[in-house]
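User: I am new to this structure and would like a close look at one part of it, a strand and the partners beside it. Please go on from there to whatever else helps me find my way around.

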Amino acid sequence: MSLIFAHLPGFWALLGIPAVLLIHFLQRESRRLRITTLFLLEHIDRESVKGRRFDRLRQSIPLWLQLLAVLILTWILTEPRWTSARSVERVVLVLDHSASMEAFAKELATALRREIPPLTALVGTTEYSLIESTLTGSNLYRGTSFEEMMTALEAWSPSAGTHSAESALRIGRSLAGTDGTLVYVTDHPARELPYGSALLSVGEPLGNVGFSGLRVIGQDGGTTWQATLRNYAPTSQKRSWFLASGEERTEARPVELKPGETRTLQGQFPAGGGSLRLVLEPDRFTRDDTLHVVQPSPKEISVSRTGAATVERLVAELIASLDNVFPSAAEETPDLAFATYNPLQPEPLPKKAIVFLNQEAVPRQFFTGPVVSANDSIIADLDWQGLIARATPSVPLLEGEKVLLWQGERALILLREEGETRQLFFNFDVAASNAARLPAFVLLVNRFVNRIRDSKIGYEALNTELRQPLAITHDPSPDAAPLSLVSRQGRIAVSPHRVAYLRAPEAPGFFSVLQGERTLVNASANFADSREADFSGAAPLSTLGPISAKISESRTVPDPFRHIWLIALSATALLSWHYLSRATQPARSEPA
Amino acid sequence: MSLPLDSADLNALAARARAYAELFSLPLKERNWRGSSGDYAGTGAGSSLDFQDHRSYMPGDDPRHINWQAFARTGNYSLKLYREEVRPVVEILLDVSDSMFAEPDKATRVLELFYFAWASGEKSGASTSVILVKGDRWKPLEAGAVFSHRWQDLAAALPDTPASAVPNLSAVPLRARSLRVLISDLLYPANPEPVIRALRRGGGRAIILAPFSAAESDPDWSGNYEFVDSESGGRHDRRVDPPLLRRYTDAYRDHFGRWKAASVRAQAPLARIASAPSFEAALRFEAIPAGVLQLG
């Protein structure tokens, strides 16, 4: 059992000791007395005047009683408690991993140093756990040293978007146990927290201005970027911004945004520049102060046209509507073929093709019956109700084919995906129908082309958000070179079986994905969670106040003799008063 | 309390002193005195009824004192001598230093002793006179100055003295073979023997009445004090704790122990008269047993 003091300010009562001594001597100094026997006093040696103070103090009973009373009072006020060195308190801190916490790194450290150690000041051992609030968050620290925990905190960089901390709090409660202390550390105070969590909010309203959106569009042979700048503050904000590309940059331009205003900045991509940066004058939340932009470029798709002349015009229009598509060279296997199929003269079809039914004789009859689409993402949300197609002969349906669209008993659109075969088959006379005027038709073709594009191993450039999942098509063969993600933070090797979980970096910037020396992706990652950039709801708040007392009560034992000390204090006070009153009775000598 | 005092109060004191003079008296009966004829036995032969001695007749002697029976038996003229009856001389020496009147009780006791000594002297028919003494200064009082209370004006007119100044009794003119009554608190740092010797010079007899207060003999000091001397006004800072208080009471007791011893050696009885009890009780406590005063 070791002794601890629950109320350290109680030691201020010790100031009563010099006060008592001062009062004691001041009382004695102020008495003047007229006497007739001064010659006797003068002949007595003066040792008692300059003698040892201790001897003189020892003789004053009221003085010693008052000093004893001060000591007892100090003992009572400091609230002594006994604790066992084996008593352990578990404190689990769940850190809000949302990006907005980045703006309050100093406030976080200060608040933790101010609030956390006093919680367990009366406990022998404290086990700290520091975890992130995201479900996939890491365990930052677990141990018994507060300073080591703070050291681990220095390397922490919050980057997640707005999310619920409930799962992390549940984990935190299981770590803390039913008697442990669970604290959710955030910058936006929540009204209610589950699992008996206490709240420590370290935020405060900030006047943040940042980029909230990006759009790159091709216009008139050039490429235009459009960046959205937003003022989240309730007051007008002035900033300056500039554009940087490579080693060059523009002059800083001022911009003033009214409260809550959103303004779009727009410009042309510089000639030959595949990327640029829009840099805003930094504020406390820097994550949205720089916008990294690359000129988007989807994977190239080579196409060939092997079909009949009846659909040539339609195919030309479709190819013109596709991005980054070009005719395949001779003797080159195209990525995609536009082909036709005559059921009366069947021929082999390319493995990756969009196939139209070639019906030279136009039938008079139309398909009847309701139009029903299959449950497949490639045709989801497309409206085919306006389709009018003539009743042509059908291709024989093969096993493994998926019918995307029915009209009555007739399969109108088929999807063949087996092995390397990727065929979209229009089982009706497209040229003789109104399909070309239906948006669903064009969209379906685009979706299929994008599937082909996604499955191709090739180079692409794109702009992403932070931690955005990346779909990288790569060479999966065992002999293929490994993948790596290269960003400003370094190069990260990606094992082939984890490519599906690859995400854009957590920090804004440019990055590339390579397989061996082959670049697959050049991209940018930008902060895009406008909810995290809005600090109007941030505020400081702490509900830890009562917890310290609860821990003290549960982990320590109060002084069992405190009532006796109170009685002793009263007794010493009464005795002192008794001696003082006796000493201050009127003297027989008349004072001068 | 300081001089002069209210006349009404002094009259009351004097009246009480005359009453006390019926109970107590100065020790005039214990020895023979010299002086003019009176009621007390003198040192020489006189005309009283007390037989003293025989001696041969000398020319010039009063023939009425010839012892004719002895002449018939022996044929020689002889005379019967009788004790002379004289009126003794009482000289009251009143110490009027400020310490005598520093406290009301003590001052009252001083005045009671003074008026009592005067009344007792007057009652016994002695030739009583008063000399005021203050340090090395002294002032004899003319007759009538006592009960008219003018004495206190004369006392107040005496110049201030240094602290605890020793009275210079050797300079005070005293009549031979008189009874000297010294009323003083004896609070001065002096060897008592020269003082008593000066008091008894010229064949006189001396008694000493020393009034005192409990504040002097048994003070209750505790803590820090600024002591102020009652005579000189001098200041003295001192912290009084029980050991110091003990040493003070020891010094006080030793001081009067020396006076007592000196008074015994010089046959000048000394009585300390406390100021707290009644005057009668105070005299009965020490003055009567010590022979300083007599009953009746």
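Analyst: Two strands are said to pair if DSSP finds at least two bridges between them, and with that in hand the part you ask about can be read residue by residue. Please keep in mind throughout that this is a predicted model.

The strand to begin with is S29 of chain A, residues 518-526, which is mostly covered, since seven of its nine residues are buried. Strand S28 of chain A, residues 509-515, is joined to S29(A) by seven bridges, and the two run antiparallel. To place one rung of this pairing, look at Leu514(A), whose bridge partner in S29(A) is Thr519(A). S28(A) and S29(A) form a hairpin, with two residues between them, and Gly516(A) in that turn has a positive phi of about 70°. Strand S25 of chain A, residues 460-465, also pairs with S29(A), through six bridges, but in this case the strands run parallel. Here Asn463(A) is the residue that stands opposite Ser524(A) in S29(A). Both kinds of pairing are familiar ones, as strands of a sheet pair through backbone hydrogen bonds, either parallel or antiparallel.

Elsewhere in chain A, strand S21 holds Val371(A). Val371(A) is partly exposed, because 17 other C-beta atoms lie within 10 Å, whereas a count of 20 or more would make a residue buried. When neighbours within four places in sequence are left aside, Val371(A) is in contact with Trp384(A), Gln385(A), Leu387(A), Leu405(A) and Gln407(A). Val371(A) also lies 9.2 Å from Leu412(A), C-alpha to C-alpha, although the two are 41 residues apart in sequence.

The loop between strand S21 (371-373) and strand S22 (402-407) of chain A contains Asp381(A). Asp381(A) has a phi near 65°, a positive value in a residue other than glycine. Such a value stands out, given that most residues other than glycine have a negative phi. Asp381(A) counts as exposed because it has 8 C-beta neighbours inside 10 Å.

Chain B has a residue to set beside it: the phi of Leu186(B) is near 60°, again a positive value in a residue other than glycine. Leu186(B) lies in the loop between strand S7 (179-183) and helix H5 (192-200) of chain B. With 23 other C-beta atoms within 10 Å, however, Leu186(B) is buried, whereas Asp381(A) is exposed.

The helices of chain A offer another kind of packing. Helix H6 (residues 105-119) and helix H7 (residues 146-154) of chain A pack at an angle of about 160°, with their axes 11 Å apart. Because of that angle, H6(A) is roughly antiparallel to H7(A). H6(A) passes H7(A) in a right-handed crossing. On the H6(A) side the meeting residues are Ala109(A), Leu112(A), Ile116(A) and Pro117(A), while H7(A) supplies Phe146(A), Met150(A) and Leu153(A). The residues of this contact divide into seven nonpolar, no polar and no charged.

In chain B, helix H1 (residues 7-23) and helix H3 (residues 104-123) pack at an angle of about 50°, with their axes 8 Å apart. H1(B) and H3(B) are therefore oblique to each other. The crossing of H1(B) with H3(B) is right-handed. Among the residues that make this contact are Leu10(B), Arg16(B) and Tyr20(B) of H1(B), together with Glu112(B), Phe116(B) and Lys123(B) of H3(B). The contact of H1(B) with H3(B) divides into 10 nonpolar, one polar and four charged residues.

Chain B also holds an open sheet of six strands in the order S6-S5-S4-S7-S8-S11, with mixed pairing. Its edge strands are S6 (137-140) and S11 (270-274), each of which pairs on one side only. Neighbouring strands of this sheet are turned by 20° against each other on average, with direction ignored. At the S11(B) end, strand S8 of chain B, residues 205-212, pairs with S11(B) in the parallel sense over five bridges, and Leu209(B) stands opposite Ala271(B) in S11(B).

For chain B as a whole, there are eight helices and 12 strands, and 40% of its 296 residues count as buried.

Notes
Residues are numbered from 1 along each chain as its sequence is written. Chains are lettered from A and ligands numbered from 1 in the order in which they are written. This is a predicted model: local features need pLDDT of at least 70, side-chain atom pairs count only at pLDDT 80 or more; totals for chains, interfaces and linings use all residues. Helices (H or I, at least four residues) and strands (E, at least two) are DSSP runs, numbered from the N terminus. Axes are lines fitted to C-alpha atoms, for helices over the stretch in contact, and angles run from 0 to 180 degrees between N-to-C directions. A residue is buried if 20 or more other C-beta atoms lie within 10 Å of its own, exposed if 12 or fewer, and partly exposed in between; C-beta atoms are placed from the backbone. Angles under 35 degrees count as roughly parallel, over 145 as roughly antiparallel, 65 to 115 as roughly perpendicular and the rest as oblique. A crossing is left-handed if the near helix is turned anticlockwise from the far one by less than a right angle, and right-handed if clockwise. Two residues are in contact if their C-beta atoms, placed from the backbone, lie within 7 Å. Ala, Val, Leu, Ile, Met, Phe, Trp, Tyr, Cys and Pro count as nonpolar, Asp, Glu, Lys and Arg as charged, and the others, Gly among them, as polar.
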